[in-house]
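Reader: I would like a close look at a single part of this structure, the aromatic ring pairs. Please go through them and then through the parts of the chain around them.

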Amino acid sequence: KGPLRVCADPDNLPFSNQRAEGFENKLAELIADRLDRQLVYTWFPENTGYVPNTIGENACDLVMGYAQGTGLVEDTNPYYYASYVLITRADDANLSDISSLSDPRLKSKRIGLVARTPPASILTMRGLGANATSFDVRSGDSQTAVAQEIIAKIASEELDAGLLWGPIGGYYAAIADVPLAVMPLVNELAGPATLYGITLGVRPNEPQFKHQVTKVLTDNADEIVSILEEYHVPVLDEDGEVAAAESGPASSSP
């Protein structure tokens, strides 16, 4: 039993940071505890060749928060599902309970989003691009700063709505200056996927270790969902339904 080497981003809340304040830090601590191994971090900014520089170079045993099925590394089973979300002001009755970008109430609304993300393509398909404001993430940075800017503009009514990755949107919407509503986008019938299974990345050809980690995820599903809920992550199951802590996320791959 050597140390459990975990690769994570050093400055990317709500996921992780060097002060161990993110929910992926909490998950890494849980896994290390259950495996009775010392937790050791290797820090890699997520937008700088994160996967090939970690697993490929044997820099770590686990990559935190890895989307299922990309084929770049081996996946564990998903420990939660997440989607992109639509964020609006809670007191905006005109946009209450919108669950799809095809809703006609979004016509002519000022919508902020991160450039080159799946919702950008869907907005274009729905004819909503003309009133959208696209925010670019600077090279080497995470979406965190852009997410905070979009949410601040929604709170100040410079924007009517925003489209963000669920864990980021839920976290920063919860600490905004005004009450905001967060609606998962899981009902899009065309365009790129908006719902993803989130796994841990492991090295290929290590089935025993993968099994050990997957067992920890399955056996501690309720506790993991509770951790995510503390960070206001909209936790879903593989069907896009809200996953309560009583049942936890699905424990097998779709």
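Author: In this predicted model, a search of the whole structure turns up 9 aromatic pairs. One of them is formed by Phe-23 and Tyr-231, whose rings meet edge-to-face, with 5.8 Å from centre to centre and 70° between the planes. This pair links distant parts of the chain. Phe-23 belongs to helix H1 (residues 23-35), Tyr-231 to the segment after helix H7 (221-230), and 208 residues separate them. Phe-23 is buried, with a relative accessible area of 2%. Tyr-231 also counts as buried, at 11% relative accessibility, because the cut-off for buried is under 20%.

Tyr-231 has another ring partner, Tyr-171. The centres of these two rings lie 6.2 Å apart and their planes are at 25°, so the pair is stacked. Tyr-171 sits in helix H5 (residues 166-174) and Tyr-231 in the segment after H7, so the pair ties together parts that are 60 residues apart in sequence. Tyr-171 counts as buried too, at 18% relative accessibility. Taken further, ring pairs join Phe-15, Phe-23, Tyr-79, Tyr-80, Tyr-171, Tyr-172 and Tyr-231 into a cluster.

One member of that cluster, Tyr-80, leads on to the nonpolar interior. The largest nonpolar core has 50 residues, and Tyr-80 is among those with the most contacts inside it, along with Ile-31, Leu-62 and Leu-200. H1 supplies the largest share of this core, 7 residues. In general, nonpolar side chains tend to be buried together in soluble globular proteins. Around Leu-62, leaving aside neighbours within four places in sequence, the contacts include Ile-31 and Leu-200, as well as Leu-4, Val-6, Phe-209 and Val-213. Arg-5 and Gly-201 are also in contact with Leu-62. Apart from the largest core lies another, of 13 residues, among them Leu-95, Leu-101, Ile-111 and Leu-163.

Tyr-80 also brings in strand S7 (80-89), one of the strands that the buried residues of helix H3 pack against. The others are strand S8 (111-114), strand S9 (132-135), strand S10 (161-165) and strand S12 (195-202). Within H3 (residues 118-125), the buried residues are Pro-118, Pro-119, Ile-122 and Leu-123. They are on the same side of H3 because they cover an arc of only 135° around the axis. After H3 comes Gly-127, with a positive phi near 75°.

H3 also has a place in the path between two of these strands. S8 and S9 pair in the parallel sense over 4 bridges, and Leu-113 stands opposite Ser-134 in S9. The chain runs from S8 through H3 to S9, a β-α-β crossover that is right-handed.

Between S7 and S8 is a loop that holds Ser-96. Ser-96 is partly exposed, with a relative accessible area of 32%. Its C-alpha atom is separated by 9.9 Å from that of Val-182, and the two residues are 86 residues apart along the chain.

Conventions:
Residues numbered from 1 in each chain as written. Predicted model: local features only at pLDDT ≥ 70, side-chain atom pairs only at ≥ 80, totals over all residues. Heavy atoms only, no water. Buried < 20%, exposed > 50% of the residue type's maximum accessible area, 1.4 Å probe, protein only. Helix = DSSP H or I, 4+ residues; strand = E, 2+ residues; numbered from the N terminus. Arc of directions from axis to C-beta. Contact = heavy atoms within 4.5 Å. Phe/Tyr/Trp six-rings, centres within 6.5 Å; stacked < 30°, edge-to-face > 60°. Pairing = 2+ DSSP bridges. Right-handed = clockwise from strand over helix to strand, strands pointing away. Core = buried A, V, L, I, M, F, W, Y, C linked by side-chain atoms within 4.5 Å.
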